[in-house]
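Visitor: Could you take me on a close look at the place where the ligand sits, starting from the parts of the chain around it?

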Amino acid sequence: MNTEPNVPEIPQSTRPSNAVLVVGAGYVGLTTAVCLASLGNFVVCVDNDKSKISSILSGVLPIYEPGLLDLLNTTVNEHKLSFSTDLIEHSKSAEYVFLCLPTPALEDGTSDLSYIFQVVDEISPYLSDDVIIVNKSTVPLNTASQIRKRQSNPSVGVVSNPEFLREGSAVNDFLQPSRIVIGSDSPIIAQRVANLYIGLQDRIYFTDPISAECIKYMSNGFLAMKISFINEAARFCDAVGADIIDVAGGLALDPRIGSAFLNPGPGWGGSCFPKDTSALAATARYMGSPMLLIEESIRANNSHQTDIAKLVVELVNRISEDHPKIAVLGLSFKANTDDIRVSPALKILHLIAQRTHNIQIHSYDPMAKQDETLDFVRSQSLELAIDGADIVVVFTEWDEIAEASPQLFAERMRGNTIVDTRYLYSKDQFQKFNLNVISVGKN
Ligand code: UGA
């Protein structure tokens, strides 16, 4: 029986010269495959999950990512992109193999490379001369060199080309990148990879493989540190009576500081910052060169989230109702993604649930995936979630949540307290409706 999903035939005449194989149809792999194809390359995206590939072929993506489905349809229709589950078959004809595989965190904070090495070992015997393996996954330092050592064919090149895609704006980040880092010891191989980024040559940054791997970790580490800083500043503002939004606005005007990643919030989360900062801290310790700022940023993030949980618990304890109702708005780790991995909302809700009794939690999120670990009601609409709520806690900055009017809360809620961890609501506007908006650093 042929279990291969129905892959459209590519007419020979329309085949561009660059045969790119993308291994992994997750968030990074799909975005990479679709965007490289949209730049003009011929791309096959392979994943060993048959149901995932079938579902993509039937027009249902495993992730929600704005703009991705439209571009996928366009590139498939133009015969630039196809999907398959047959890794070996497509390895034989590939000129470039992009590794976009999971590298989950291990208990000690380092990353599990088994997916990467398994694929590399499987395909290596089938690769033609001069094929280039391009690693996009976030990997421990020196992984490119370890992949190189596993090749028996000396003409196979290995390049580190880390991704800097934000979930929710991944297509845009790929097609309008701030930089494309290409780490290789060979200028010829590096240039061949650079040539795949058609029209984006001015964004290419060449370096050696280990420096490229380092750039990825340091970028995420630095950004996480910047957010930990502004969240700590928010708590300081509460202590001294300053307004964190005004303070952040003033800081951002200095071009040396800038406004990006200076938004206070419920602490950083997602599938990248927590994993990458832990890996960086663990590697730095292991190498005898600890990165104390990164370690403290992780600690500061945890304590910020614990403080938000304590604040909500304190407010819950003031309610005289037997079964206080808490409405939670937003579950995904940020807006425009359905991803709930290491979501601050879930982390803080777990802490709240541990410290309270008899509360009912009703949540609303327009897109977030289901979470099995918390016992709460998932409401079909924002209105239903806040109906009769004693406290509303806002975790994610979806437009729909940001645009909810004070009238709506005033009409629907039983209580009048809104904990706004994303600074979406105007305290003064809401005060007019007798609603008390509480945000760290604005009290
Ligand atoms: C992050 C990086 O931004 C990407 O460059 C990188 O490629 C990606 O990780 C990765 O390593 O794959 P992402 O995890 O999608 O992207 O999300 P971000 O937009 O960076 O946000 C991370 C967390 O910081 C979220 O919880 C977000 O709400 C929070 N955040 C971000 C703030 O609290 N304040 C800010 O000003 C910005």
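Visitor: To begin with, how many Å separate the centres of domain 1 and domain 2, taken over C-alpha atoms?

Guide: Taken over C-alpha atoms, the centres of domain 1 and domain 2 are 34 Å apart. Please keep in mind that this is a predicted model, where local features need pLDDT of at least 70 and side-chain atom pairs count only at pLDDT 80 or more, while totals for chains, interfaces and linings use all residues. Residues are numbered from 1 along each chain as its sequence is written, and side-chain values use heavy atoms, with hydrogens and water left out.

The bounds, from an automatic or database domain assignment, are 12–207 for domain 1 and 241–443 for domain 2. Their contact (heavy atoms within 4.5 Å) draws 16 residues from domain 1 and 17 residues from domain 2. Between them the two domains bury about 1200 Å², 54% of it on carbon and sulfur atoms; buried area is the accessible area (1.4 Å probe) that two parts lose on being put together, summed over both. On the domain 1 side, Tyr64, Gly109 and Glu167 supply 48% of the area buried against domain 2, more than any other three residues.

Now to the ligand: both domains give residues to its shell, so the ligand lies between them. That shell holds 19 residues (a heavy atom within 4 Å), and the closest are Glu163, Glu167, Lys216, Asn220 and Lys334. Several polar contacts (N or O pairs within 3.5 Å) involve ligand oxygens. A side-chain N or O atom of Lys216 is 2.6 Å from one ligand oxygen atom, a polar side-chain atom of Lys334 lies 2.8 Å from a ligand oxygen, and a polar backbone atom of Phe333 is 3.3 Å from a ligand oxygen. The protein buries 94% of the 710 Å² that the ligand exposes when taken alone, by the Shrake-Rupley method with a 1.4 Å probe.

Two elements give two or more residues each to the shell, helix H9 (209–240) and helix H11 (273–286), and H9 has the largest share with three residues. Helices here are DSSP runs (H or I, at least four residues), numbered from the N terminus.

Terms used. A polar contact is a pair of N or O atoms within 3.5 Å; within protein, one must be able to donate a hydrogen and the other to accept it, and residues adjacent in sequence count only if both atoms are side-chain atoms.
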